[in-house]
Amino acid sequence: MDYNKILIRYGELTLKGENKKDFIRQLHNNLSWYIEKSEIKTEYDRAFVDYSQKNLDCLKYIFGISSYSPVYETETSLINIENIVKEIISKKQFDSFAINARRHNKNFSMTSSELNMYFGGIVLKQMPDKQVKLKNPDLTIYIEIRDQRSFVFCDYFDGLGGMPVLSSGKCIHLISGGIDSPVAANLLQKRGLKIVFLNFITPPQTDEKTIAKIDEIVNILKKYQGNAMLYQINYSKVMEYIGLISNQKYKITLMRRSFYRIANLIAKKENIKAISNGENLAQVASQTLESIYTISEVCDLPIFRPLISFDKNETIAIAKKINTLDVSIVRACETCELFAPKNPVTKPNRQEAYKLEEEELPLIKEFENECIENAIIKKYSI
Ligand code: ATP
Ligand code: MG
């Protein structure tokens, strides 16, 4: 006998009514990125998928799951459960144990504590040298008595929590090869957003290595959302154009305003209602409130900055966990770094930025539209 199902517990259990139905429908769909539809069953308060190592492994990429357990599912009968318990103790190494039984089916002949006593007795009869220990035992055998079917299991694995991807819609995310923006994307996926990636390159300064890095990062992040789309924009012409301005300190500010105008246009085209990035407040000189204020002006969509309050080491810890750190730290030429003036303005103001655009860059919007028309759209599937 072996595990036959994986029991999946939902996150955010406070959800009610329609929301909950949508949540479950979305989670069902997201499970099917990896698992055959015929192997998935979602119920009001939990889901089941057929047991296999492959199915178990993929759950670590699916948001909206609070925990999961490989389980032995059996018809509700004392003798069936007893056989499973005996099987488990014959396979596991342990000195101390506990039985944790729950009777959901109130018509079942024994109460939860009677079940604990009963199965504790069975284990001790088979293996008299073992000890009952209620706190931190080596082995806990969980028994759930339901109506027709019951479940026996030993392990709880933590799920990712959060909300199923797409349950909150979509978002255009500015992705670079740095450490921050991949982490920010993953945090937004956690809140149920599917990410459409947007990346600016400036060949010939950025090269194949820069592109390979972005590919690798998107390939990691797509695992959390089933597939992914990337708009890769050749930004060289606009960047050169901005480089002509008289007040060189404003180059980065104007470049970022331009990034967000482009993001805003792509969002509209894709019917997407938010833009996001990996910005943080005060971590680098350019990320000041004045800078955020001056840049935000150019778009009318909300901009999400999930890392706004993070310390760098908090971001790095997540980058390690999701495996983007090793890719991010590989050296490759990045658009922003190449373009940065010696003394960029740290507290830009809107009037000055606007004035420079109006007076010195009359063609900028035309060039931006051209960039969008020529964007390379890449699709990544699992
Ligand atoms: P990151 O590690 O994400 O690059 P950072 O701390 O290096 O962030 P910046 O380089 O100032 O900060 O970039 C701030 C944000 O601007 C990034 O998090 C990203 O969202 C966006 N960004 C920067 N460069 C690019 C690019 N070439 N293409 C798309 N977005 C970019
Ligand atoms: Mg960067």
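## Exercises: empty space and packed cores

In this predicted model, the largest cavity holds about 50 Å³ of space. Let's work through what surrounds it.

**Exercise 1.** Find which residues line the largest cavity, and sort them by class.

*Solution.*
- Step 1: Start with the list. The lining is made of Lys249, Ile252, Thr253, Arg256, Ser286, Ser291, Ile295, Pro344, Val345 and Pro348.
- Step 2: Now sort. Nonpolar residues number five, polar residues three and charged residues two. Lys and Arg count as charged, so Lys249 and Arg256 are the charged pair in this lining.

**Exercise 2.** Which helix gives the largest share of this lining?

*Solution.*
- Step 1: Look for elements that supply at least two lining residues: these are α8 (251-269) and α9 (289-296).
- Step 2: Of the lining, α8 provides the largest share, with three residues.

**Exercise 3.** Turn to the largest nonpolar core, and work out which element contributes the largest share of it.

*Solution.*
- Step 1: This core has 41 residues, and Leu198, Tyr235, Ile242 and Tyr260 have the most contacts inside it.
- Step 2: Two or more residues come from each of several elements, including the strands β10 (169-174), β11 (193-201) and β12 (227-234) and the helices α7 (236-242) and α8.
- Step 3: The largest share, nine residues, belongs to α8.

**Exercise 4.** Which residues does Tyr235 touch, leaving aside neighbours within four places in sequence?

*Solution.*
- Step 1: Select Tyr235 and set those neighbours aside.
- Step 2: Read off the contacts: Phe200, Ile201, Thr202, Ile242, Met255, Ser258, Phe259, Ile262 and Cys371.

Note on methods. Residues are numbered from 1 along each chain as its sequence is written. Chains are lettered from A and ligands numbered from 1 in the order in which they are written. This is a predicted model: local features need pLDDT of at least 70, side-chain atom pairs count only at pLDDT 80 or more; totals for chains, interfaces and linings use all residues. Side-chain values use heavy atoms; hydrogens and water are left out. On a 1 Å grid over the protein atoms alone, a cavity is a set of points where a 1.4 Å probe fits but cannot get out, and a pocket is an open set with protein on both sides within 12 Å along at least five of seven lines; lining residues have an atom within 4 Å of a point. Grid points are joined across faces, edges and corners, and a volume is the space filled by probe spheres set on the points. Helices (H or I, at least four residues) and strands (E, at least two) are DSSP runs, numbered from the N terminus. A nonpolar core is a set of buried Ala, Val, Leu, Ile, Met, Phe, Trp, Tyr and Cys residues joined through side-chain atoms within 4.5 Å. Buried means under 20% relative accessible area, exposed over 50%, partly exposed in between (1.4 Å probe, protein chains only). Contact means heavy atoms within 4.5 Å.
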